[in-house]
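Me: Please take a close look at how the strands and helices are packed in this model. I would like one connected account, with the cut-offs stated.

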Amino acid sequence: MGFPAGGAVVSKSDTAVIKSPNDRRLYRVLHLENGLCAVLVHDPEIFPDGRPEAPGTLEDMEEDGEEEYDESGEDSGCSVGEEDEDEDIEGEEDEEGEEKKKKGVLPTKKAAAAMCVGMGSFSDPLEAQGLAHFLEHMLFMGSSEYPDENEYDSYLSKHGGSSNAYTETEYTCYHFEVNREHLKGALQRFSQFFISPLVKSEAMEREVLAVDSEFNQVLQSDSCRLLQLQCHTAAPEHPFNGFFWGNKKSLVDAMENGVNLREEILRLYKQNYHGGTMKLVVIGGETLDTLEDWAIELFSNIKKGAQRKVSAKNNMPIWKAGMLYKLEAVKDVHILDLTWTLPCLHKEYLKKPEGYISHLVGHEGKGSLLSFLKAKGWATSLSAGVGDEGTNRSSIAYIFVMSIYLTDSGLEKANTVIEVIYQYIKLLRASAPQEWIFKELQDIGNMDFRFAEEQPQDDYAAELAENLMFYSEEHIIYGEYAFEVWDDNLVEHILSFFTPDNMRIDLLTKSFDAQSHAVQHEPWFGSRYIEEEIPPALIDLWRAPPEVDPSLHLPLKNEFIPCDFSLCSSNLSENTTNATHPKCIIDQPFLKLWYKLDSTFNVPRANTYFLISVNGAYSNVVNCILTELFVNLLKDELNEILYQASVAKLETSLTIVGDKLELKLYGFNDRLSVLLLKILTLSRSFSPREDRFMVIKEDMERTLRNTNMKPLNHSSYLRLQVLRETFWDTSDRLSCLNDIALTDLKAFIPQLLSQMYIEGLCHGNLSEEAAVKIANTFTNTFSALPLPVELRHQECVLSLPASASFIRRVHVKNQLEPNSVVELYFQIEQDNVMESTRLRATADLFSNIVEEPFFNQLRTKEQLGYVVDCGTRMTHRVQGFCFRVQSSEYSPSYLHRRIVNFVDSLQELLDKLDDESFENHKHGLIAEKLEKDPSLSYETGRYWNQIVDKRYSFDMSKLEAEELKNVQKSDVVEWYNTYLRPSSPKCRRLAIHVCGCNTSMKEESETGNEFGEVIEDLDAFKISSVFYSTRFDEAAARDQFQHASSVVGMVHVLALHPSRLWLQLVVSYTSRRAHARR
């Protein structure tokens, strides 16, 4: 094979990267002549049977057992460019993000790649703020080799892939994942980003609007407003002093001021996008030699450049010393941020002095700062450390931030809070650095590295590419876990920077004096703030506190650090370890337990999840609030114990899911049963105190007032409020909370816990005997009676009438929020698990086909807004399909019309879809439904979703993949015509319009019934409506068994309903078959 002239390999190594003993992947570090450094990763699980000679046919995929996973989540940070995804709303599964799995064949994974370029927002020219971020956007808009603007995204979409990018201060990262056979095709398109981007003028004009829409998404974000205030108030010549997001004003103003934006982008590109600044990671199932050939072939034409060495820079101070900045908050919060500037510690990652310090000042156990502040009633939470964002970890400085969520009384005592913090710092200096504490962190880091859980492939590729920027090549995996070298002198040196003279104070609060003559405006976000000098007397007090409160002390030794890492699967029979699904091992009136021993990931971890139905938790709004109070006060009481366990990588989650309590313990299994016993023992005897009741009640009030501040969250909330029969509105809950006293709660708790029904899952490195003992901990601790089936809350979903079209229209909750959201929801059918497999598969295939054209038309071409998406919805086992757009520029009525126009145009799109493209989409979706779970946590989550939703179809994705093989294009067209075409009686629509602050509600209301019948009185609407029932009972199981079309189907039903039903169903089946023979 011939390679480009610049394709010579300068050096390579297959042994450079230190990896976990359990990591089966192979790594090769490659240096090309053009300066590019690449890490090639051979993952044997991508092609577990070996790569086929001619991949791409359905038969190939069936033989290989191709399987995929896709996860959705939310990024709450402020990195520029990474697309945020909305948080999950209770009561709904997003089918496009639902966790997937397989059965029978060897599971596989996707391929992925990432490129980190050593240039970010610090390189923005002063006259064109946000240019680095704009450049990131433009690289997606076509290249000389692939000139179509959506060629890259379209290719990935057809082959089960996705992509993203983000711009940090000193680097920009691009990453993608794709079905395994199509890695090279994706790399061909991806590599051209860094060789021949077109940067077309007409595309720039449109993409400026995308950058502006992205900025408008975070315009009302408190964390982003605070970050920009810190940038705005940095020293004028400092790299921090900039506007890194960019928006229409910053970029268009540059053009109006004579800046040729295209020339500036190309100049930035030519100066910084060369081999010397680039770190490439490719993860594939091919051999390392094949991946190396591809890297040379596709990336050698990148311009040659010298390697950039990351080195600490001695620069001017970032901020003026001794200053307090009060920033008006969007949400109802009081957040005190203390910021200390440290030297760059890139080279000290094996010592991690900042990690040692953050462990101590951010601790939440006995003797900690937070424990003290909570006891005083001044704070509800505290975090401390150097964040992962580029603004916090740069070659200029490390920024250490302590963030404290204050109560109302804590706000009044803010100066005293800071004094206590300096008392604790004085304690650290007096105690001297403790090697035993470092040793604990070292042990935890080493065990976490040794038994690291895998993550989705594109996330892993991006992480490795980033790590190449900061760690030596041998430590790109180990570096983040390492506490390898104890250096007490370095710890003392870094502690010396924690002085009031090196401290910046930011107070983000709703209690802001807007009438003050000192009010200033940050120019980009428009935030109001006041800048004050800290009185010298306070500085002196903080610099040398006269005493340290005796209740403050260093953490106790951590009793939860595991010692036993043995695997249960190594001592059990093959039949036990080969179980493919959880099995029910206890089925009693009080408790039902599912169990599965892990034999796939082979790590000493376990996940134990429990759904606890209690008596009357959701029967009325008062009980709903009392239950929330109980849970929040219990978590508050447990916090010191749970925090210690979490430090040792044994996590706990206690939340409310509908009317139920959900308790999750997950992590290293050695001390799991000890932690559970502590939690349940304390819960049984728990009685809330008046002081904590008042603090937690205040915090809940604040949380309820802050609910639905984001328009995307608000629209999903409103849709579910219409669809769910029982839904306690936030305003009603807040009103109720105001009237509740401690005596009410104390009277309610015994009633709440008088009857219970617990359903649980034990999955991972636990024997069946250990799982039963864990279940017995519940029965031995609580004396509650079993909660009868008829008293367990069953959520029902509204059934929209035939040909229905309704609309709910509201104004944004935040009166300064410019974004509007439109959701157009089509209700499909009630999901009957097995019987609905084909319907779900067809809906998913339709979604796979239309989501990229929807994005391309409404975002890329029409530039309606930054968030443009569509996909299936599952609301308490009722299927739906939703189109959604968020925009700061257009009214909801306009957005709605554009969505309808697109939906109407889908007939033509489907008609023109050629057979090859259809098969690509279908094969890609089959692979997506069959990919291996990345880790034990993902697999547990997938099983748990089935249990919570009472479907128990643990191989649902496998069944859907099988069904997809028989789905034809005509089936997709029929699905579209049946459920989305207005002429069909089964087309049932619900529109949600959330109107931004610039929208005229009067003009919107003048549209009349154009978009459907307006829901004015929601209660009256529900009273007159019909609801689906979602109860899944034994009668339904019998019916499924009786009508199963095959023995396989019968076995599946039996697996879902073991023990007491098994004999009845088999007898019934035998009788039916005997009668048929006669």
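Reply: What follows describes the sheet, the helix lying across it, and then two helix pairs. The model is predicted, so local features need pLDDT of at least 70 and side-chain atom pairs count only at pLDDT 80 or more, while totals for chains, interfaces and linings use all residues. Residues are numbered from 1 along each chain as its sequence is written, and side-chain values use heavy atoms, with hydrogens and water left out.

Seven strands make up an open sheet of mixed pairing, in the order β1-β2-β3-β8-β5-β7-β6. Helices (H or I, at least four residues) and strands (E, at least two) are DSSP runs, numbered from the N terminus; two strands pair if DSSP finds at least two bridges between them. β1 (9-13) and β6 (162-167) are the edge strands, each pairing on one side only. From one strand to the next, the twist averages 15°. Here and below, axes are lines fitted to C-alpha atoms (for helices, over the stretch in contact), and angles run from 0 to 180 degrees between N-to-C directions.

Within the sheet, β5 (residues 111-117) pairs with β8 (residues 278-284) in the antiparallel sense over six bridges. Ala114 stands opposite Val281 in β8. Helix α9 (residues 288-299) lies across β1, β2 (26-32), β3 (37-42), β5 and β8, and runs at about 30° to β2. Contact means heavy atoms within 4.5 Å.

The first helix pair is α3 (residues 151-158) and α4 (residues 183-191), packed at about 165° with axes 10 Å apart. The two are therefore roughly antiparallel (over 145 degrees; under 35 is roughly parallel, 65 to 115 roughly perpendicular, and the rest oblique). Their crossing is left-handed (the near helix is turned anticlockwise from the far one by less than a right angle; clockwise is right-handed). Glu151, Tyr152, Tyr155 and Leu156 of α3 make the contact with Gly185, Ala186, Arg189 and Phe190 of α4. By class, five of these residues are nonpolar, one is polar and two are charged (Ala, Val, Leu, Ile, Met, Phe, Trp, Tyr, Cys and Pro count as nonpolar, Asp, Glu, Lys and Arg as charged, and the others, Gly among them, as polar).

The other pair is α10 (residues 353-361) and α16 (residues 488-495), with an angle of about 65° and axes 9 Å apart. These helices are therefore roughly perpendicular to each other, and α10 passes α16 in a right-handed crossing. Pro353, Tyr356 and Ile357 in α10 meet Leu490, Val491, Ile494 and Leu495 in α16. That contact has seven nonpolar residues, no polar and no charged ones.
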